[in-house]
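Biologist: Please take a close look at the ligand's surroundings for me, and then carry on into the rest of the chain. I'd be glad of one connected account.

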Amino acid sequence: VIKRAFSTTTAKTAIKNVTVIGGGLMGSGIAQVAAQAGQNVTLVEINENLIQKAQSSITVSLGRVAKKLYKDNPEEGKTFIKNAQARIRGSTNPAEAVKEADLVIEAIIENIDLKHKLFKMLDKAAPAKTLFASNTSSLSIGEIASVTNRKDRFGGLHFFNPVPVMKLLEVVRIPETSDETYRAFMDWGKSIGKTCITCKDTPGFVVNRLLIPYKLEAFRMYERGDASFEDIDIAMKLGAGYPMGPFELSDYTGLDLSKDILEGWHKKFPDDPLFKPVPIVEKMVAEGKLGRKSGEGFYKYKK
Ligand code: NAI
């Protein structure tokens with residue numbers, strides 16, 4: 001199964017050169033999976049230090065993949081790592097980095113003004129054929145694309161954390177996305193070993209639109225004292241077959257992320273009871289209890 005996920009030969013794509021803007025948690029994962037699939041990747045960050053940081057995290061992650069794929073042949077594993085690394089070059093110059101790009105994927109911080117500024121500039125710098133995509137979790141793809149003159153060559157490519165492990169890719173179409181662009185996105189998604197689903201540009205797309213209200217309802221249940229959070233986690237694992245309970249999952253993805261997404265949706269849909277604020281999340285984030293990454297969320301973690 002793992003072999004298939006990382007296969008480079010199962011799907012054809014016309015996309016050879018991929019530029020990823022933002023080399024944080026998601027961008028470095030996206031750069032990695034494209035390089036693993038044999039594509040040339042340019043990874044853009046705001047300074048050299050951050051490029052190096054992204055490259056080290058990619059090396060660690062490639063090591064994990066190689067260990068699984070080549071457990072009986074470590075030499076081949078080393079070659080796999082070297083080849084993938086050689087296909088990723090770093091850049092701090094986004095305008096130059098998109099000159100040869102077939103596809104640009106934006107994975108910078110979740111801020112509409114910064115994304116607008118970036119795409120306005122990229123739209124002028126990139127060749128006409130270049131396809132643009134955003135990996136945003138909670139902003140509207142149409143709103144991001146609105147500052148460009150290539151809405152027909154724009155869409156959402158929404159990945160899941162950790163990118164090299166999670167098999168799903170949500171391919172988001174805005175009304176203007178052309179059939180050709182859509183097909184190119186789907187083919188590219190397959191070429192990097194993902195299973196693609198298609199959806200419209202609605203808040204949370206598919207996964208987060210269902211997952212976030214579910215997690216919020218779990219928080220509210222705990223807030224009311226209906227059950228302990230540990231018992232709610234046990235219940236959903238053993239009763240619904242979920243691999244993690246809602247509190248474990250929130251600790252894993254970060255409570256700050258849940259809070260930011262919720263705030264954005266509440267602002268947009270103030271009357272929707274599904275998105276009404278949850279005091280316990282706000283309190284925990286204010287106390288720095290962000291989940292695994294801060295050492296404590298609902299549960300405590302060894303740092
Ligand atoms: P992150 O904070 O780990 O990475 C963002 C990176 O972008 C930082 O390294 C920052 O230095 C860089 N950056 C900021 N402005 C830049 C610019 N103008 N040019 C180049 N680089 C720039 O954030 P993360 O978690 O990787 O999220 C990135 C995007 O992916 C966001 O839009 C988020 O909504 C989305 N996303 C996040 C998921 C998650 O689980 N964290 C899942 C799916 C999507």
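Modeller: Happy to! Helix H2 gives the shell around the ligand its largest share, three residues. Helices here are DSSP runs of H or I with at least four residues, strands are runs of E with at least two, and both are numbered from the N terminus. Bear in mind that this is a predicted model, where local features need pLDDT of at least 70, side-chain atom pairs count only at pLDDT 80 or more, and totals for chains, interfaces and linings use all residues. Residue numbers start from 1 along each chain as its sequence is written.

Helix H2 (25-36) and helix H6 (112-125) each bring at least two residues to that shell. The ligand is surrounded by 24 residues, each with its C-beta atom, placed from the backbone, within 6 Å of the ligand. Gly22, Gly24, Met26, Ser137 and Asn161 are the closest. By type, the shell holds twelve nonpolar, ten polar and two charged residues; Ala, Val, Leu, Ile, Met, Phe, Trp, Tyr, Cys and Pro count as nonpolar, Asp, Glu, Lys and Arg as charged, and the others, Gly among them, as polar.

As for confidence, the model has ipTM 0.99 and pTM 0.92. The chain's average pLDDT (the predictor's confidence in each residue, from 0 to 100) is 94, and 96% of the residues score at least 70. Residues 1-9 stay under 50.

Now to helix H3, residues 48-69. Its 22 residues reach 31 Å from first C-alpha to last, close to the 32 Å expected, which is 1.5 Å times one less than the number of residues. Ile51, Ala54, Ile58, Ser61, Leu62, Val65 and Ala66 are buried in H3. Because these buried residues fall within an arc of 145° seen down the axis, they line one face of the helix; the arc is that of the directions from the helix axis to the C-beta atoms. Asn49, Ser56, Val60, Arg64 and Lys67 are exposed on the other side of H3. Buried means 20 or more other C-beta atoms within 10 Å of the residue's own, exposed means 12 or fewer, and partly exposed lies in between, with C-beta atoms placed from the backbone. Glutamine 52 also sits in H3, and it is partly exposed because 13 other C-beta atoms lie within 10 Å.

Finally, aspartate 201 is in the loop between strand S8 (195-200) and helix H9 (207-224). With 19 C-beta neighbours inside 10 Å, aspartate 201 is partly exposed.

Technical notes. Two residues are in contact if their C-beta atoms, placed from the backbone, lie within 7 Å.
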